[in-house]
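Q: I have a structure open and do not know how to read its features. Can we go through them in turn?

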Amino acid sequence: MFQHILVPLDGSPLAERALPFAQAIAAAGNTRLRLLRVVLPSVNHPDVEAAAVTEAEGYLRNLAKRLSPVTTDCVVEKGEATDILLDLITRPDIDLVAMSTHGRSGIGRWIYGSVADAVLRHSPVPVLLASASMQLTRWRSDRPLRILVSLDYSALSESILEPACNLADTLKAKLILASVAPLLVTPDPYGGVDVAYDPDEDRAERRIYLEGIAEKLRKPGRDVSIQDAFGQVDWTLLEVAREQGADLIAIASHGSGGVTRLIMGSVASSIVQRAPLPLLIVRPAVPSEEPDSSKGGETTG
């Protein structure tokens with residue numbers, strides 16, 4: 001279970017978009033939130049720096065009151081945001097980071113810029129991303145939540161399972177294990193295209209794979225189902241999430257390139273940019289094998 005959730009903030013309402021989701025996890029799991037605001041030091045203007053620290057402290061205290069009765073710690077640090085975040089994330093008492101993908105400096109800063117790049121590339125703990133552009137502002141409470149878990153045939157993709165199960169157990173959410181057969185086609189001599197593999201055979205293999213994992217994960221109080229699909233992986237995964245009424249998509253980043261593959265890669269980049277739901281992203285501790293292309297496995301990051 002998650003015990004301490006770090007929520008980096010910059011003082012803007014956009015950066016606060018992750019707060020309701022972090023609050024829901026904290027309330028359900030008796031978890032502490034650590035609200036972080038980083039202030040740039042000003043050697044030549046100590047009065048300006050002091051005023052910024054005072055403003056940041058007041059801002060965090062007001063947020064903490066809004067989040068009550070969830071237990072919160074308010075932390076104001078002076079320095080570079082990237083350095084401060086990486087230091088805090090690597091401490092043993094932080095086991096989840098919840099952040100918006102759109103801060104005061106815009107999407108260029110939080111998604112493609114140095115702060116989020118560093119967090120996603122180096123974080124040893126899962127990261128919960130909430131896009132400031134999505135319409136969803138908090139999870140629904142009229143039914144159990146549903147977490148869509150993206151899997152392929154690789155052990156690397158399965159590294160998302162432990163944090164996804166922890167989150168599902170905390171929120172009493174249903175797990176939906178999903179795998180999408182990519183649309184692989186080859187041109188034929190008559191100007192048309194042929195599917196590069198047998199979709200029916202591939203679907204049967206995927207369902208066996210998914211059901212084998214689902215069976216291991218099922219236990220009293222944890223509902224696990226499977227869902228397979230065929231098509232362009234990124235769009236199809238988002239469509240499966242919509243059809244299944246998912247409230248969160250959980251996905252592992254692929255490859256030793258970390259954020260380069262996660263953010264700039266076609267599948268995960270599309271999901272991060274277009275997902276109308278929060279994302280739970282985990283970076284495996286060590287590089288693992290890539291999916292077996294003969295199996296038709298998709299790349300999820």
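A: Start with a pair of helices. Helix 1 passes helix 6 in a left-handed crossing. Keep in mind that this is a predicted model.

Q: At what angle do helix 1 and helix 6 pack, and how far apart are their axes?
A: The angle is about 70°, and the axes of helix 1 and helix 6 are 8 Å apart. Helix 1 is therefore roughly perpendicular to helix 6, since angles of 65 to 115 degrees count as roughly perpendicular.

Q: Which residues of helix 1 and helix 6 meet?
A: A general idea comes first. An α-helix has 3.6 residues a turn, so residues three or four places apart point the same way. In this structure, helix 1 contributes A24, I25, A28 and G29 to the meeting, and helix 6 contributes L167, T170 and L171.

Q: Which residues are buried in helix 1, and what covers them?
A: Buried means under 20% relative accessible area. In helix 1 the buried residues are L19, P20, F21, A22, Q23, I25 and A26. Their cover includes strand 1 (4–9), strand 2, helix 2, strand 4 (96–100), strand 5 (127–130) and helix 6.

Q: What follows helix 1?
A: The residue after helix 1 is N30, and its phi is positive, near 55°. As background, most residues other than glycine have a negative phi, and most peptide bonds are trans. N30 is not a glycine, yet its phi is positive. N30 sits in the loop between helix 1 (19–29) and strand 2 (32–39). With 69% relative accessibility, N30 counts as exposed, because exposed means over 50%.

Q: Where is K172 found, and what is its phi?
A: K172 lies in the loop between helix 6 (161–171) and strand 7 (174–181). Its phi is positive, about 55°, although K172 is not a glycine. K172 is exposed too, with a relative accessible area of 59%.

Q: Which two residues does a cis peptide bond join?
A: The residues are S68 and P69, and omega is about 15°. P69 belongs to the loop between helix 2 (46–67) and strand 3 (72–78).

Q: Is E16, in the loop between strand 1 and helix 1, buried or exposed?
A: E16 is buried, because its relative accessible area is 15% and the cut-off for buried is under 20%. Neighbours within four places in sequence are left aside when looking for what E16 touches; the residues in contact with E16 are then L9, Y59, L63 and R66.

Q: How should I read the sheet? What is the order of its strands?
A: The sheet is open, has 10 strands with mixed pairing, and follows the order 3-2-1-4-5-12-11-6-7-10. Strand 3 and strand 10 (224–230) are at the edges with a single partner strand each, so one side of each has no neighbour in the sheet. On average, neighbouring strands of this sheet are turned by 25° against each other, direction ignored. Helix 1 packs on the sheet, where it touches strand 1, strand 2, strand 4 and strand 5; the direction of helix 1 makes about 165° with that of strand 1.

Q: How many bridges join strand 2 to strand 3?
A: There are 7 bridges, and strand 2 and strand 3 run parallel. One bridge partnership is that of R37 with V76 in strand 3. From strand 2 the chain goes through helix 2 to strand 3, a right-handed β-α-β crossover.

Q: What are the pairings of strand 6 with strand 11 and strand 7?
A: Strand 6 (residues 146–150) pairs with strand 11 (residues 248–252) in the parallel sense over 3 bridges. I147 has L248 in strand 11 as its bridge partner, and L148 stands opposite I249 in strand 11. Strand 6 also pairs with strand 7 in the parallel sense, over 5 bridges, and S150 is opposite A178 in strand 7. The chain passes from strand 6 through helix 6 to strand 7, and this β-α-β crossover is right-handed. Helix 6 lies across strand 6, strand 7, strand 11 and strand 12 (279–282), at about 175° to strand 6. Of the 5 residues of strand 6, 4 are buried, so strand 6 is largely enclosed by the rest of the structure.

Q: How many helices and strands does the protein chain have?
A: The protein chain has 10 helices and 12 strands. Buried residues make up 55% of its 301 residues.

Note on methods:
Residues numbered from 1 in each chain as written. Predicted model: local features only at pLDDT ≥ 70, side-chain atom pairs only at ≥ 80, totals over all residues. Heavy atoms only, no water. Helix = DSSP H or I, 4+ residues; strand = E, 2+ residues; numbered from the N terminus. Buried < 20%, exposed > 50% of the residue type's maximum accessible area, 1.4 Å probe, protein only. Pairing = 2+ DSSP bridges. Right-handed = clockwise from strand over helix to strand, strands pointing away. Axes fitted to C-alpha atoms, helices over the stretch in contact; angles between N-to-C directions. Parallel < 35°, antiparallel > 145°, perpendicular 65-115°, else oblique. Left-handed = near helix turned anticlockwise from the far one by under 90°. Contact = heavy atoms within 4.5 Å.
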